[in-house]
Amino acid sequence: MNISLTGRQLELTEPIKTHMTTSIETLSKYNMDIISVNVVASAQTKKGKEHSSVEFVINLAHKNSIIIKQSDDDLYAAIDMATSRAQKAIRRMHDKDVGHRKVGLNEIKAENVNLKEEAEAGEDEIVPVELDLYKPREVEDVLTDLKDSNKMFEIFLDNEGKTRVLYKRNDGKFGLY
């Protein structure tokens, strides 16, 4: 990781440089392949007050760069706040990479899996079955089947071609739609 420290309208003393470098080195714990970190510290005077601002530009391998700007009255506080924001941003990227949604359509395509062959292989598992629903049945036959089973209802066609439902009621009797 290359670290570049720059001061604009501000002299970077050794304690400031060491504080910046130790703050930047805490970003390496996420193992995100940080290529370089550019830190620009500047002092500005606004409305008679002096403000310090810090800008972090973190270049990551195979990812977008992270740019964080933070200003405060105290330079050390600005560095600490910018570092915590950078840690948060890098942690989010790390969690997204390591997260549970890692396998997606692009990864499947990268494995050269033919999706059409996979779909055809899945079709072999479907077995067509003729339903008893389309055969006309007597209400008495369905009633004896429903009494013998632990089903709550039975849907069937009667001899007139009407769709009927025979169901068990809460009072132990049977209902017919």
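I started with burial: 24% of the 177 residues in the chain are buried (under 20% relative accessible area, with exposed over 50% and partly exposed in between; 1.4 Å probe, protein chains only). This is a predicted model, so I kept in mind that local features need pLDDT of at least 70 and side-chain atom pairs pLDDT 80 or more, while totals for chains, interfaces and linings use all residues. Residues are numbered from 1 along each chain as its sequence is written, and side-chain values use heavy atoms, leaving out hydrogens and water.

Next, the fold. I get five helices and seven strands (DSSP runs numbered from the N terminus: helices H or I of at least four residues, strands E of at least two). The pattern along the sequence reads β-α-β-β-β-α-α-α-α-β-β-β.

Then I looked up the largest nonpolar core (buried Ala, Val, Leu, Ile, Met, Phe, Trp, Tyr and Cys joined through side-chain atoms within 4.5 Å). It has 23 residues, and Met20, Ile34, Val39, Val54, Phe56, Ile58 and Ile90 touch the most other members. H1 (14-25), E2 (34-46), E3 (49-60), E4 (66-72) and H2 (75-98) each give at least two residues to this core. H2 supplies the largest share, six residues.

I picked Ile34 for a closer look. Leaving aside residues up to four places away in sequence, Ile34 touches Met1, Leu27, Ser28, Ile58, Asn59, Leu60 and Ile90 (contact: heavy atoms within 4.5 Å).

Last stop, strand E5 (residues 153-157), where Ile155 lies. Ile155 is partly exposed, at 40% relative accessible area.
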